[in-house]
Amino acid sequence: MKFENGIFEENYKISYSQMGIHDVLTNRSFLSLMENLAGQHSAYCHFSFADIAKDNLTWVILNWKLQVFRRPKDEEEVVVETWGRFFNKVYVLRDYKVIDDDGNLCAIATSKWCLIDNKKRKIAHLPDNLDEIYHGFRSESVFNVDDFPKLNASFDVEPSFKDEYKIRRFDLDINHHVHNLNYLNFAYELLPMDVYTGNELNNVEIAYKKEIKYGETIHSFLYVENNQYTIVIKDEDEQLIHSIIKLY
């Protein structure tokens, strides 16, 4: 672990369990490495899930954006970096880089997080001194953007595919709703087989709108446009949007 100039970093050795059907690090595994490092950073700064639970608070992620340039394989070592780059009363933005042993940039990502008051079940204000708690923020944005672009959930055409799924216990996380990375599992299940088994989709954008709980049934819809695949996940009545995922 290293923490310098606002950048928190850790070395990781890629394992077989993080590989996909192409024998390289999957998009989900990239995001998992980044999510784990964010947790380590928060723990180092004494503002982790465990630290804030005493105040009935928890962290919830609102958005991911990932771009992959190179996919490490089993037994390779990488360095993952993260830093906070912006916050206000409602949300904080955190960026990431993954660098291989030869110094090649493998991936970049950005994420948006907020605090939830578990008693009131609504967004809680972030501390005014969050940058001090995390020992300094950096203005560097890996995508050179201030915030996330809005993902489209309305299409003039019929979906290419539709799926129904009932949430299982193994889908849940510490907050007792579907873990944010499991949404990618739902999305990949809708891709045409030739796309799923073809070249890796190196760009991922996810917007989380409404939590999904155990026992609920979701309906997922796939829309294809210009070699981009948008998956819209709705509730059983198809009135409420849980998430929008874009793969390309």
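This briefing walks through the pockets, one run of paired strands and the salt bridges of the structure above. The model is predicted. Its largest pocket holds about 790 Å³ of space, and a search of the whole structure finds 13 salt bridges. Strand 10 makes a good stop in between, with 7 of its 9 residues buried.

**The largest pocket**

- About 790 Å³ of space lies in this pocket, and 37 residues line it.
- If you would like to find the centre in your viewer, look for Trp 59, Val 60, Ile 61, Asn 175 and His 177, the lining residues closest to it.
- Two or more lining residues come from each of helix 1 (27-44), strand 3 (57-68), strand 5 (92-100), strand 6 (105-117) and strand 7 (122-124).
- Sorted by class, the lining of the largest pocket comprises 18 nonpolar, 11 polar and 8 charged residues.

**The second largest pocket**

- Here the volume is about 340 Å³, and the lining consists of 16 residues.
- Gly 20, Thr 26, Tyr 188, Tyr 196 and Glu 200 are the lining residues that lie nearest the centre of the second largest pocket.
- Helix 1, helix 4 (182-190) and helix 5 (193-196) each contribute at least two residues to this lining, and helix 4 gives the largest share, with 3 residues.
- The lining of the second largest pocket splits into 7 nonpolar, 7 polar and 2 charged residues.

**Strand 10 and its partners**

- Strand 10 spans residues 217-225 and is mostly covered, as 7 of its 9 residues are buried.
- Strand 8 (residues 161-166) runs antiparallel to strand 10, and 6 bridges join the two; in one of these pairings, Tyr 165 has Ile 218 of strand 10 as its bridge partner.
- Strand 11 (residues 228-235) is also antiparallel to strand 10, with 8 bridges between them.
- Glu 225 has Gln 228 in strand 11 as its bridge partner.
- Strands 10 and 11 form a hairpin with 2 residues between them, and Asn 226 in that turn has a positive phi of about 55 degrees.

**Salt bridges**

- Side chains of opposite charge can pair when their charged atoms come close.
- Arg 70 and Glu 76 meet through their side chains in a salt bridge, at 3.0 Å from N to O. Arg 70 is partly exposed, at a relative accessible area of 30%, and Glu 76 also counts as partly exposed, at 21% relative accessibility.
- A network of salt bridges links Arg 70, Glu 76 and Asp 100.
- Asp 128 pairs with Lys 89, and their closest N and O atoms are 3.3 Å apart. This salt bridge links distant parts of the chain, 39 residues apart: Asp 128 sits in the loop between strand 7 and helix 3 (130-133), and Lys 89 in the loop between strand 4 (77-87) and strand 5.
- Asp 128 is exposed, with a relative accessible area of 62%, whereas Lys 89 counts as partly exposed, at 43% relative accessibility.
- Asp 147 and Lys 112 form a salt bridge between their side chains, at 3.0 Å from N to O. Here too the pair links distant parts of the chain: Asp 147 lies in the loop between helix 3 and strand 8, and Lys 112 in strand 6, 35 residues apart.
- Asp 147 counts as partly exposed because its relative accessibility is 28%, whereas Lys 112 is buried because its relative accessible area, 11%, falls under 20%.

Conventions: Residues numbered from 1 in each chain as written. Predicted model: local features only at pLDDT ≥ 70, side-chain atom pairs only at ≥ 80, totals over all residues. Heavy atoms only, no water. 1 Å grid on protein atoms, 1.4 Å probe; cavity = no way out; pocket = protein on both sides within 12 Å on 5 of 7 lines; lining within 4 Å. Points joined across faces, edges and corners; volume = space filled by probe spheres on them. Helix = DSSP H or I, 4+ residues; strand = E, 2+ residues; numbered from the N terminus. Nonpolar A, V, L, I, M, F, W, Y, C, P; charged D, E, K, R; others polar. Buried < 20%, exposed > 50% of the residue type's maximum accessible area, 1.4 Å probe, protein only. Pairing = 2+ DSSP bridges. Salt bridge = Lys/Arg side-chain N within 4 Å of Asp/Glu carboxyl O.
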